[in-house]
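Work through the exercises below with the sequence and the structure open. Each task is followed by a solution in steps.

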Amino acid sequence: MRVLVLGSTGFLGRHITEHLSAMSGVRVLGAGRSPGSDLRVDLTTTTVPALAADLRTLAPDAVVNCAGAVGGGPLLLAETNARGPAVLCEALTAAGIPVRLVHLGSAGEYGTNAGQPLGEDAATCPQGAYGATKLAGSLTVAEAAPDAVVLRVFNPLGPGSPGTSLPGRLADELLRAGPDGAVRVGDLSAYRDFVDARDVARAAALAATAPGPLPRILNIAGGSATRVREVAEGLARISGFRGRIDENGTGSRRSSAVSWQQADITAAAAALGWHPERTLATSLADLWTSRTGTPPAPAPV
């Protein structure tokens with residue numbers, strides 16, 4: 001089986017590529033803007049005929065689209081998160097080859113729903129350009145591609161978490177501050193549903209290789225609402241940090257309007273046999289180790 005991974009060098013793309021590569025009988029083809037990719041392509045600028053020709057040449061059995069933008073101006077967000085999936089869907093149709101498309105959506109498409117787990121049929125009310133452009137891309141995939149599934153990924157973390165994410169930024173700030181310094185962050189009172197990137201990779205692999213049709217949208221999350229402050233405190237313990245965490249700094253504009261999120265993940269269990277395997281503590285410990293190359297500090301006795 002040949003699986004083409006778009007955005008294969010990104011945070012989730014790397015984990016998905018690694019997971020698929022370890023599977024027997026699967027050949028992974030990397031695609032993106034980086035030199036050395038099996039397919040060098042930029043979905044924000046490529047044309048439908050050009051991409052369709054490349055797809056016919058590579059003849060993948062499945063395509064996993066991890067390409068996306070979490071920041072930047074509105075034009076970049078629209079070109080990457082909305083135009084990119086639209087071009088991909090049209091190119092797959094024009095290529096005329098049977099392909100399963102797995103597209104990574106985002107929890108940002110829902111908005112907030114305090115106290116109520118979000119099922120796939122929940123109303124979508126994105127709070128900003130990021131969520132709106134991700135929703136546009138996900139709807140395009142769900143409505144246009146004949147064999148497609150959107151995995152709405154909630155807050156991924158784990159080894160290699162980028163500095164643009166809250167866990168990655170916290171790890172970087174703790175490294176900068178040292179054991180007795182001060183870390184300045186935004187308000188940490190919101191609740192989020194965190195999921196390990198390696199569990200996301202397993203879900204994407206299951207979706208790419210599953211026989212038969214799948215639901216159009218599946219939530220991929222940890223299945224519980226966790227106060228963001230617990231992530232900061234967990235990383236502080238793991239790093240041996242003894243200083244002060246100041247919450248009067250600037251937080252993420254992308255998610256500041258969403259105070260509470262939790263996913264209902266029963267549909268992914270039914271359709272894929274998937275459930276998250278790693279705890280938040282494991283994800284944070286492995287994130288810290290990936291940043292430092294050293295194991296976490298021992299827990300206090």
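Helices, of at least four residues, and strands, of at least two, are DSSP runs numbered from the N terminus. The model is predicted.

**Exercise 1. Locate Ser 165 and state which backbone nitrogen its side chain reaches.**

Solution.
- Step 1: Find the flanking elements. Ser 165 sits in the loop that connects β7 (155–157) with α5 (166–177).
- Step 2: Apply the cut-off for burial, which is under 20% relative accessible area. With a relative accessible area of 14%, Ser 165 is buried.
- Step 3: Look for the contact of the side chain. The backbone nitrogen of Gly 168 is reached at 3.2 Å by the side chain of Ser 165.

**Exercise 2. Give the strand order of the open sheet and identify the strands at its edges.**

Solution.
- Step 1: Read across the sheet. Its seven strands follow the order β3-β2-β1-β4-β5-β6-β11, and the pairing is parallel.
- Step 2: Take the two ends. β3 (39–40) and β11 each have a single partner strand, so each has one side without a neighbour in the sheet.

**Exercise 3. Describe how strand β6 (residues 148–153) is paired and how far it is covered.**

Solution.
- Step 1: Take the pairing with β5 (residues 100–106). Six bridges join β5 and β6 in the parallel sense. His 103 has Val 150 of β6 as its bridge partner.
- Step 2: Take the pairing with β11 (residues 217–220). β6 and β11 run parallel and are joined by four bridges. Arg 152 is partnered by Asn 219 of β11, and Val 153 by Ile 220 of β11.
- Step 3: Trace the connection from β5. Together with helix α4 (residues 129–144), β5 and β6 form a right-handed β-α-β unit.
- Step 4: Check the accessibility. Six of the six residues of β6 are buried. On one side these are Ala 148, Val 150 and Arg 152, and on the other Val 149, Leu 151 and Val 153, so that both faces are covered.

**Exercise 4. Compare the span of helix α6 (residues 197–209) with the expected value, then assess its burial.**

Solution.
- Step 1: Take the span. The 13 residues of α6 reach 18 Å from the first C-alpha to the last, which is close to the 18 Å expected at 1.5 Å a residue.
- Step 2: Inspect the start of the helix. A side-chain oxygen of Asp 196 comes to within 2.8 Å of the backbone nitrogen of Arg 198.
- Step 3: Assess the burial. Eleven of the 13 residues in α6 are buried, and the helix is mostly covered. The buried residues include the charged Asp 199 and Arg 202 as well as Ala 201 and Ala 205.
- Step 4: Follow two of these side chains outwards. Asp 199 and Arg 202 are linked with Glu 277 and Arg 278 in a network of salt bridges.

**Exercise 5. Which residue forms a salt bridge with Asp 147, and which with Arg 242?**

Solution.
- Step 1: Note the total. There are 14 salt bridges in the structure.
- Step 2: Take Asp 147. Its partner is Arg 100, with the closest N and O atoms 2.7 Å apart. Asp 147 is in the loop between α4 and β6 and Arg 100 is in strand β5, so the pair ties together parts 47 residues apart in sequence.
- Step 3: Check accessibility for this pair. Asp 147 is partly exposed at 28% relative accessibility, whereas Arg 100 is buried at 6%.
- Step 4: Take Arg 242. Its partner is Asp 180, and the closest N and O atoms are 3.0 Å apart. Arg 242 belongs to the loop between α7 (228–239) and β13 (244–246), and Asp 180 to the loop between α5 and β8 (182–184), so this pair ties together parts 62 residues apart in sequence.
- Step 5: Check accessibility again. Arg 242 and Asp 180 are both exposed.

**Exercise 6. How many disulfides does the structure hold, and why do Cys 66 and Cys 89 not form a bond?**

Solution.
- Step 1: Take the count. The structure holds zero disulfides.
- Step 2: Compare the distance with the cut-off. A disulfide needs two cysteine sulfur atoms within 2.5 Å. The closest cysteine sulfur to that of Cys 66 is in Cys 89, 15 Å away, which is too far for a bond.
- Step 3: Add the accessibility. Cys 66 is buried at 17% relative accessibility, and Cys 89 is buried at 4%.

Definitions and conventions
Residues are numbered from 1 along each chain as its sequence is written. This is a predicted model: local features need pLDDT of at least 70, side-chain atom pairs count only at pLDDT 80 or more; totals for chains, interfaces and linings use all residues. Side-chain values use heavy atoms; hydrogens and water are left out. Buried means under 20% relative accessible area, exposed over 50%, partly exposed in between (1.4 Å probe, protein chains only). Two strands pair if DSSP finds at least two bridges between them. A crossover is right-handed if, with the strands pointing away from the viewer, the path from the first strand over the helix to the second runs clockwise. A polar contact is a pair of N or O atoms within 3.5 Å; within protein, one must be able to donate a hydrogen and the other to accept it, and residues adjacent in sequence count only if both atoms are side-chain atoms. The expected span of a helix is 1.5 Å times one less than its number of residues. A salt bridge is a side-chain nitrogen of Lys or Arg within 4 Å of a carboxyl oxygen of Asp or Glu.
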